[in-house]
2 protein chains.
Amino acid sequence: MAGGVGRRFWPLSRSERPKQLLDLFGDGALLAVTAARVAPLTPPKRQVIVTSTTLGPACRRLLPDLPAANLLAEPVGKNTAAAVGWAALHVRRRDPDGVLMVLPADHHIADVAAYRDACAKAVKAARAGRIVTLGIEPTRPETGYGYINRTAPLGGGLYAVAAFKEKPDPGTARDYLADGDYLWNAGMFFLRAQVAIDELTRFEPELMAALSALDVDDPSAEAVASVYPTLKSISIDYAVMERSDKVAVLPGDFGWSDVGSWRSLWDFRPAGASTFARGDVYEIDGGDNVLLADGGTVAVVGVRDLIVVHTADATLVCPREQAQRLREVVAALEADRREGLL
Amino acid sequence: MAGGVGRRFWPLSRSERPKQLLDLFGDGALLAVTAARVAPLTPPKRQVIVTSTTLGPACRRLLPDLPAANLLAEPVGKNTAAAVGWAALHVRRRDPDGVLMVLPADHHIADVAAYRDACAKAVKAARAGRIVTLGIEPTRPETGYGYINRTAPLGGGLYAVAAFKEKPDPGTARDYLADGDYLWNAGMFFLRAQVAIDELTRFEPELMAALSALDVDDPSAEAVASVYPTLKSISIDYAVMERSDKVAVLPGDFGWSDVGSWRSLWDFRPAGASTFARGDVYEIDGGDNVLLADGGTVAVVGVRDLIVVHTADATLVCPREQAQRLREVVAALEADRREGLL
């Protein structure tokens with residue numbers, strides 16, 4: 001899933017260069033890193049990218065080994081249920097027993113080997129009919145993630161799911177952490193293509209009926225353009241995960257982060273460093289900063305706990321622990337119709 | 001005097017674009033504003049610019065009405081005594097009774113009418129043989145300026161000078177302010193060209209003797225290049241002002257600032273505003289900042305008391321009250337031989 005248009009990395013992220021296309025860690029664009037991470041489990045020719053028509057060319061450039069037909073370009077974003085439904089139809093036509101690993105293109109995984117092990121386990125359970133979601137053992141009372149309340153063990157490392165929980169307030173997050181049966185919802189799902197189609201047909205019959213027009217070999221851009229605007233916009237979480245009795249959670253611990261904000265980069269500062277720095281950065285007598293220079297130089301002196309991001313045409317400065325307020329900047333730019341900056 | 005190479009406005013100021021060429025206030029380059037400010041007293045054809053050979057072309061572009069011969073281009077900086085001596089020779093050849101107004105090209109004057117009145121008074125006294133320096137009535141215990149200790153009134157608003165004082169420590173600055181007879185040294189001098197030559201000949205005879213090779217009509221660049229490297233580097237303050245018995249001070253109050261750092265711009269924020277902003281700046285829930293965007297956009301959210309400067313290839317961030325630490329940044333860039341940024 002590589003269709004996001006988020007602006008939580010402004011001014012680096014723009015409409016035509018959202019987060020999944022950014023190289024935030026110096027190892028490549030997040031989309032390319034995500035594809036490479038699972039390539040030992042599912043090679044490029046069996047990977048499917050759902051993105052927007054706008055971002056399609058950039059995705060193709062990043063993933064030269066991806067078959068052209070495996071790039072599903074949405075003319076308009078309709079949330080994740082539509083994306084999963086379309087991908088499920090695409091996969092089922094090629095392999096009626098195919099299993100989907102539904103993965104966001106813009107997350108970070110520290111322990112790739114452990115992650116692949118978890119994916120393999122999840123795929124095995126999915127092959128048997130489960131809908132498996134990865135749950136991350138929480139390490140702090142994070143308020144920026146949704147949670148999964150697990151209950152009874154189901155064997156194979158899986159647990160039943162009592163409920164999906166929205167992002168909690170700080171007190172609730174502390175309770176979740178203390179409880180021990182709450183896991184972070186990483187938004188990664190594993191299920192047979194047929195199961196995805198069955199469950200979407202059961203819970204969102206109109207959505208799946210409309211999508212079935214795309215259940216042909218290589219649907220034309222015109223066909224997609226006539227179907228997509230009519231689709232209901234709903235997340236796969238609401239449409240299926242919170243409703244289906246096939247859902248199970250596989251707890252995992254592999255250094256997962258959704259890289260949700262400039263603040264989150266601070267967690268990836270090198271061992272022993274107090275600052276996360278990328279690009280040509282001079283930090284004098286300061287620390288605990290997130291500093292990023294994209295094609296230029298950032299020089300800071302005597303400052304702490306700041307986010308400073310330089311691009312050729314814009315600079316952002318905000319306190320490290322107020323990264324979420326970037327949305328206020330983006331809102332102001334939108335209000336002023338500053339499309340050139342967005 | 002427009003030969004400065006200071007980097008106190010990095011990243012906006014660079015080797016080939018020092019402060020006097022910058023438009024810090026939105027009303028034009030400081031050099032052009034300085035020339036226009038005194039044009040009613042001395043028109044462009046009688047203005048003389050002393051600058052470096054490097055900056056000469058840029059100065060000419062800013063001052064299209066300046067006669068070509070009136071731009072004195074130094075192949076190497078030799079401090080202000082040499083600059084004043086050369087300018088004095090140039091002026092005396094055109095008018096043996098000519099009076100010099102020796103003015104830095106990069107200061108800011110809020111009350112231009114009051115300033116011109118003060119200049120006219122100073123010129124009148126200079127015509128009678130005095131060396132007049134403008135002294136600014138201090139409004140705060142500033143440690144960033146030199147001071148002039150005035151004593152007895154001499155008539156015409158002038159005072160005798162007991163001593164020039166270096167930049168004081170905070171306690172001394174408070175004493176100066178309470179005393180009432182200490183004025184800020186604005187570095188602006190008024191004296192007859194012949195007096196300048198006489199006093200330089202008296203106190204720095206070797207310097208003046210060497211300069212006399214340039215006392216010809218339109219000296220060639222080769223002549224200048226053969227003289228200049230041999231000159232003693234000394235300020236006009238040390239060479240003449242602190243030694244001559246002709247010196248008098250004219251107190252003035254016309255909103256003077258030497259615009260010595262990014263911090264100083266904060267004093268020029270609009271009435272009622274807590275932030276000085278220039279260029280395309282978004283400040284959300286913050287204040288007391290100095291924010292400048294040169295050809296791009298600066299967006300800050302939730303920050304106070306910061307200096308943020310964006311140029312296409314560099315961003316500076318430092319606390320407003322630590323602007324002097326910019327020199328540490330410049331030193332680091334110099335140590336790394338980052339000529340492209342300097």
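The largest cavity in this predicted model is lined by A:Leu72, A:Trp86, A:Leu89, A:His90, A:Arg93, A:Arg94, A:Leu214, A:Val216 and A:Pro219. Its volume is about 40 Å³. Helix H3 of chain A (residues 79-94) gives the largest share of this lining, with five residues. By class, the lining of the largest cavity holds six nonpolar, one polar and two charged residues.

Two cavities of 30 Å³ or more are found in a search of the whole structure. The second largest cavity encloses about 30 Å³. Its lining consists of B:Val84, B:Val102, B:Phe189, B:Leu191, B:Ile236 and B:Met241. At least two of these residues come from strand E8 (182-192) of chain B, and at least two from helix H9 (236-241) of chain B. The lining of the second largest cavity has six nonpolar residues, with no polar and no charged ones.

The two chains are related by rotation. Chain A superposes on chain B after a turn of 179° and a shift of 0.1 Å along the axis, with an RMSD of 0.1 Å. This is therefore the relation of a two-fold axis. Both copies use the same surface, as 100% of the contact residues of chain A recur in chain B. Within chain A, A:Ala312 comes closest to the rotation axis, its C-alpha lying at 2.3 Å.

Helix packing was examined in chain A. The axes of helix H1 (residues 30-38) and helix H4 (residues 112-127) of chain A come within 10 Å and cross at roughly 65°. H1(A) contributes A:Ala36, A:Arg37 and A:Val38 to the contact, and H4(A) contributes A:Val112, A:Tyr115 and A:Arg116. Four nonpolar and two charged residues make up this contact, with no polar residue.

Terms used: Residues numbered from 1 in each chain as written. Chains lettered and ligands numbered in written order. Predicted model: local features only at pLDDT ≥ 70, side-chain atom pairs only at ≥ 80, totals over all residues. Heavy atoms only, no water. Axes fitted to C-alpha atoms, helices over the stretch in contact; angles between N-to-C directions. Helix = DSSP H or I, 4+ residues; strand = E, 2+ residues; numbered from the N terminus. Contact = heavy atoms within 4.5 Å. Nonpolar A, V, L, I, M, F, W, Y, C, P; charged D, E, K, R; others polar. Least-squares fit on C-alpha atoms with pLDDT ≥ 70 in both. 1 Å grid on protein atoms, 1.4 Å probe; cavity = no way out; pocket = protein on both sides within 12 Å on 5 of 7 lines; lining within 4 Å. Points joined across faces, edges and corners; volume = space filled by probe spheres on them.
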